[in-house]
Amino acid sequence: MSCFVVVNPNAGRGRGGRQWPSIADRLARDVGRFDHAFTQRPGEATTLVRRAIDSGTTLVVAVGGDGTVNEAINGYAAEDGTISQGCAFAALSAGTGADFVRSLSAPGDAALAADAVRRIDLGRVTYIADDGRPASRLFVNIASFGLSGEVDRAVSAARTTRFLPGRPAYYLATLSALWRYRFTDVRLTVDDQPPFTVNLAMAAIANGRYFGGGMQVAPNARLDSGEFEIVVLHGGSKLTMVKDLSLVYRGAHMDHPMVTATSGHRIVAEPVDPDGDVLLDIDGESPGRLNAEFEILPGALALRQVCPAAGQASGPTGR
């Protein structure tokens, strides 16, 4: 087995770099010899992983946050969009949100035995990038739009949450973004069903269960189900949203009158107002906006168990 490890030393406000020596020791015991590289700029993990796969690597390990995992996963896609099938993936958490790890470790998603591999689904989203051009990106956990896109940008920009752990950082950013957010009408089409319009606060297209630093937004999602769970939060009373936000952390919001849910394989989302600016969240990053199309790729990724990082709960793979 040939193993390549991509490390984001800046993940988790520098936690990736601080934990790397202990992570490297654990990896050496678990997988033997490996090559590694540190990322120095956004997007570099994709290039490094693609280069490693093209060179014959059979296992990629991502060490960082949800954004690092997303970049690494996108290294599996060739220029023609096909996904590499000869290389397994694992992740170790050293980031702020760690939501992919939570989704992997959720009850009902059994941990892998040592050296075992399971196949999980990926999502592909096409959208409008910040520069106005069409773009396409893979995601492994959750893509969403509306309030969540605003929260991503608030977390990235806010100086007041810079030194907070993931959950309080996302919680405070959510409250701040919510007060500023204007609900907007979005037209949704799920598979071959007739389109419908919602006055939207947020919609999650979920492969995994968690986002936003531990919010269990899609408690019925499974990484290997072959379909997305689609959870829509309708616009309404912001005071009610604040009061009931704690329900989302427990996954107890699915019967809330402001929430509807369904499942599907392909979702198209378009703002009713063509000039509406509805921001995307893709595995914790916000690279663009609607219009967007989300497509499930069943069993597209081989996932492997590796050792947990220091301070990380034992579970399937971390991020």
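Just after helix H2, Gly 56 takes a positive phi of about 105 degrees. That's a handy place to start looking around this predicted model, since H2 turns up again in what follows.

H2 spans residues 44–54. Its buried residues are Glu 44, Ala 45, Thr 46, Leu 48, Val 49, Ala 52 and Ile 53. What do they pack against? Their partners are three strands, E1 (3–7), E2 (35–38) and E3 (59–64), plus helix H3 (66–74).

**The wider chain**

Stepping back, the protein chain folds into 7 helices and 14 strands. Of its 319 residues, 58% are buried. Contacts reach a long way along the sequence: of those with a separation of 6 or more, 75% link residues 24 or more positions apart.

As for confidence, the chain has a mean pLDDT of 88, with 88% of its residues at 70 or more. Two stretches call for a more careful look. Over residues 108–113 pLDDT stays under 50, and the model has 16 contacts beyond four places in sequence for them. Residues 309–319 also stay under 50, and here the model has 51 such contacts.

**Strand E7**

Now pull up E7, residues 142–146. How many of its residues are buried? The count is 5 of 5. In a regular strand, side chains alternate between the two faces of the sheet. In E7 both of those faces are covered: Ile 142, Ser 144 and Gly 146 sit on one side, with Ala 143 and Phe 145 on the other.

E7 also has strand neighbours to trace. With E9 (residues 196–206) it forms an antiparallel pair over 5 bridges, while 3 bridges join it, again antiparallel, to E13 (residues 280–282). Ala 143 is a good residue to click on here: its bridge partner in E9 is Ile 205, and its bridge partner in E13 is Ile 282.

**Spaces in the model**

Two spaces are worth a look: the largest cavity and the second largest pocket. Here's how they line up.

| Space | Volume | Lining by class |
|---|---|---|
| Largest cavity | about 500 Å³ | 19 nonpolar, 8 polar and 6 charged residues |
| Second largest pocket | about 270 Å³ | 4 nonpolar, 4 polar and 4 charged residues |

Start with the cavity. The count of cavities of 30 Å³ or more comes to 1. Its lining takes in 33 residues, and those nearest the centre are Met 202, Phe 211, Met 215, Leu 233 and Leu 245. Elements giving two or more residues to that lining are helices H5 (147–157), H6 (166–180) and H7 (238–250), along with strand E10 (228–234). Which of them gives the most to the lining? That would be H7, with 6 residues.

The second largest pocket brings us back to H2. Its lining consists of Thr 46, Arg 50, Asn 74, Ala 77, Ala 78, Glu 79, Gly 81, Arg 124, Tyr 127, Ser 136, Arg 137 and Leu 138. The elements supplying two or more of these are H2, strand E5 (117–129) and strand E6 (134–139). E6 accounts for the largest share, 3 residues.

Thr 46 ties things together nicely: it is one of the buried residues of H2, and it is also among the residues lining the second largest pocket.

Conventions:
Residues numbered from 1 in each chain as written. Predicted model: local features only at pLDDT ≥ 70, side-chain atom pairs only at ≥ 80, totals over all residues. Heavy atoms only, no water. 1 Å grid on protein atoms, 1.4 Å probe; cavity = no way out; pocket = protein on both sides within 12 Å on 5 of 7 lines; lining within 4 Å. Points joined across faces, edges and corners; volume = space filled by probe spheres on them. Helix = DSSP H or I, 4+ residues; strand = E, 2+ residues; numbered from the N terminus. Nonpolar A, V, L, I, M, F, W, Y, C, P; charged D, E, K, R; others polar. Buried < 20%, exposed > 50% of the residue type's maximum accessible area, 1.4 Å probe, protein only. Contact = heavy atoms within 4.5 Å. Pairing = 2+ DSSP bridges. pLDDT = per-residue confidence, 0-100.
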